[in-house]
Amino acid sequence: MAITVTDPRPINRAEEILTPKALAFVEELHERFAGTRNELLAARAAKRQRVAETGKLDFLPETQAVRDGDWKVAPAPAALQDRRVEMTGPASPAKMAINALNSGAKVWLADLEDASTPTWGNVIDAILNLRDAAQGTLSYTSDEGKEYRLRTDAPLAVVVARPRGWHMQEKHLLIDGEPAVGALVDFGLHFYHVAKQLVLNGHGPYYYLPKMESHLEARLWNDVFVFAQDFLGLHQGTIRATVLIETIPAAFEMDEILYELRDHASGLNAGRWDYLFSLIKYFRDAGEEFVLPDRASVAMTAPFMRAYTELLVKTCHKRGAFAMGGMAAVIPNRRHPEVTEAAFAKVRADKTREANDGFDGSWVAHPDLVPTCREVFDSVLGSKPNQLDKQRPEVNVTADQLLDVSSAEGQVTEAGLRLNLYVAVAYTAVWLSGNGAVAIHNLMEDAATAEISRSQVWQQIRNKSVLADTGNTVTKELVERILGEETERLRTEFGDEAFRRYYQPASELIADICLSDDYTDFLTTPAYELVG
């Protein structure tokens, strides 16, 4: 097996990350685990096809003993006992990393996945920033001379890094001439360069694991962790992982996922937007009963979403793992304080629901939201670091409740269709420019929002949905017309140069995947081919 770097210096100091020993470690990870990853991706497709034919998912009969068993995950290390507020955001550029570490949040989800465009420069810069942060040397000076430094007057957020999902490739690292596995590249470079320093700091190599669809995929991560710790001579269990339950099949395997990772697991997260995306994707051709109303009207209080989050809290606390709540994506608008005030009120209500349900903490996308989230969880937690003692024995969730999409209130409207197309193009355009965390209409969006938006459009065409506000039927022709109008709107908003470079290619990509008879599993896969 041979490893090749197609661009060894995408940014200044790249050679500090792309060292021969680090690359040898990444190569070893691929030799041991890439084959299993490929088999598991094929198994995803086969299972999805079976579900499409029946319109049903259920808890696995072959793992009943795991669900019934009396076991717990390993106790959390001290650095992860209190996770009441978690800041999310990309680890590149350095300015954003510093702001996240200084935010006052307990944890920073350092995102190499949905909030980051995986340009080769971004990938290496993220690892470099995380290494510098672990060493205490991370800094940045803007073109205007403004300096950004790590604070010394209060604790920095504990870093939990999120590598790419199993499906993504890394075309700038070739293994025997084939693109490397993005997840193994991200994990391998981060772990090799940062793990020992984090242990010396009193923390450890902590990870968020995205997009998994089965406990067998969790087992693969566990095998990777065991090997990696032995490779660097670290004690088993030094690595801790929180799994995002953001796919509908994973919602049926929460116990099993924790069990496979039990020596390394620290919790599960309710990845609400990707969860909706997965539900649409999984049941896209299962009939009208699985067509969701407009994205903006699907609240976390919808019965099927309540079933998902309450099952997550119950499962986590039964197993001694933390239950982490969803994203508050509001971006403060200082020019319109009344808009911000109303948005913060919604955030407070959402976080209050999570805290009262037993979640141990929750996510925010902007530092200004940290005090609001902390205040809500402080009022419920008091002097306790978490709510592991809140067991929720009254919760009993069935498969039918998890799949009860038709109970969601709201309608499918042309206004919602128009918004979906606008957001899908607007987000994809900025993603193509190299920025995966995008502010749209006072919300911080990542890839999940665009995935929901374009998937709803595809599903509505497939089901010939009738729009409640106009009476029109969703057809390819209607979508083409509205997409053209929204694309032209973006041209007027952002100008001809940006339009030509990013928005026009984004619109063409969204047209291709929305109007195709074949569904594209991930928007970021074809989009990745358009970036450097």
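How much space lies in the second largest pocket? About 280 Å³. Before visiting it, note that this is a predicted model, in which local features need pLDDT of at least 70, side-chain atom pairs count only at pLDDT 80 or more, and totals for chains, interfaces and linings use all residues. Residues are numbered from 1 along each chain as its sequence is written, and side-chain values use heavy atoms, with hydrogens and water left out.

**Stop 1: the two domains**

Colour residues 3–399 as domain 1 and 412–525 as domain 2. These bounds come from an automatic or database domain assignment. Their C-alpha centres lie 26 Å apart. In domain 1, 36 residues are in contact with 35 residues of domain 2; contact means heavy atoms within 4.5 Å. About 3100 Å² is buried between the two domains, with carbon and sulfur atoms giving 58%. Select F277, R284 and R295: in domain 1 they lose the most area to domain 2, together 24% of what that side buries. Buried area is the accessible area (1.4 Å probe) that two parts lose on being put together, summed over both.

**Stop 2: the UniProt ranges**

Select residues 13–64, listed by UniProt in an unreviewed entry as "domain: Malate synthase N-terminal". This range is 69% helix and 0% strand, and its end C-alpha atoms are 51 Å apart. Helices (H or I, at least four residues) and strands (E, at least two) are DSSP runs, numbered from the N terminus. Now take 412–530, which the unreviewed entry in UniProt lists as "domain: Malate synthase C-terminal". Here the chain is 67% helix and 5% strand, with 32 Å between the end C-alpha atoms. Such annotations may be inferred rather than shown by experiment.

**Stop 3: the second largest pocket**

Select R67, D255, L311, K314 and T315. Of the 16 lining residues, these lie nearest the centre of the second largest pocket. Three elements give two or more residues each to this lining: α2 (64–68), α8 (254–260) and α10 (303–318). α10 gives the most, with four residues. The lining divides into seven nonpolar, two polar and seven charged residues. Ala, Val, Leu, Ile, Met, Phe, Trp, Tyr, Cys and Pro count as nonpolar; Asp, Glu, Lys and Arg as charged; the others, Gly among them, as polar.

On a 1 Å grid over the protein atoms alone, a pocket is an open set of points with protein on both sides within 12 Å along at least five of seven lines, while a cavity is a set where a 1.4 Å probe fits but cannot get out; lining residues have an atom within 4 Å of a point. Points are joined across faces, edges and corners, and a volume is the space filled by probe spheres set on them.

**Stop 4: the cavities**

The structure holds five cavities of 30 Å³ or more. The largest has about 100 Å³ of space. Among its 13 lining residues, E113, D114, R164, M168 and T524 lie nearest the centre. Each of the two domains gives at least three residues to that lining.

Keep R164 selected: R164 also lines the second largest cavity, whose volume is about 50 Å³. Helix α4 (residues 120–135) gives the largest share of that lining, three residues.

**Stop 5: backbone details**

Go to S92 and P93. The peptide bond between them is cis, with omega near 10 degrees. P93 sits in the loop between β2 (85–90) and α3 (94–101). Next, find D176, a non-glycine with a positive phi of about 50 degrees, in the loop between β7 (169–175) and β8 (178–181). Finish at K211: phi is positive here too, about 65 degrees.
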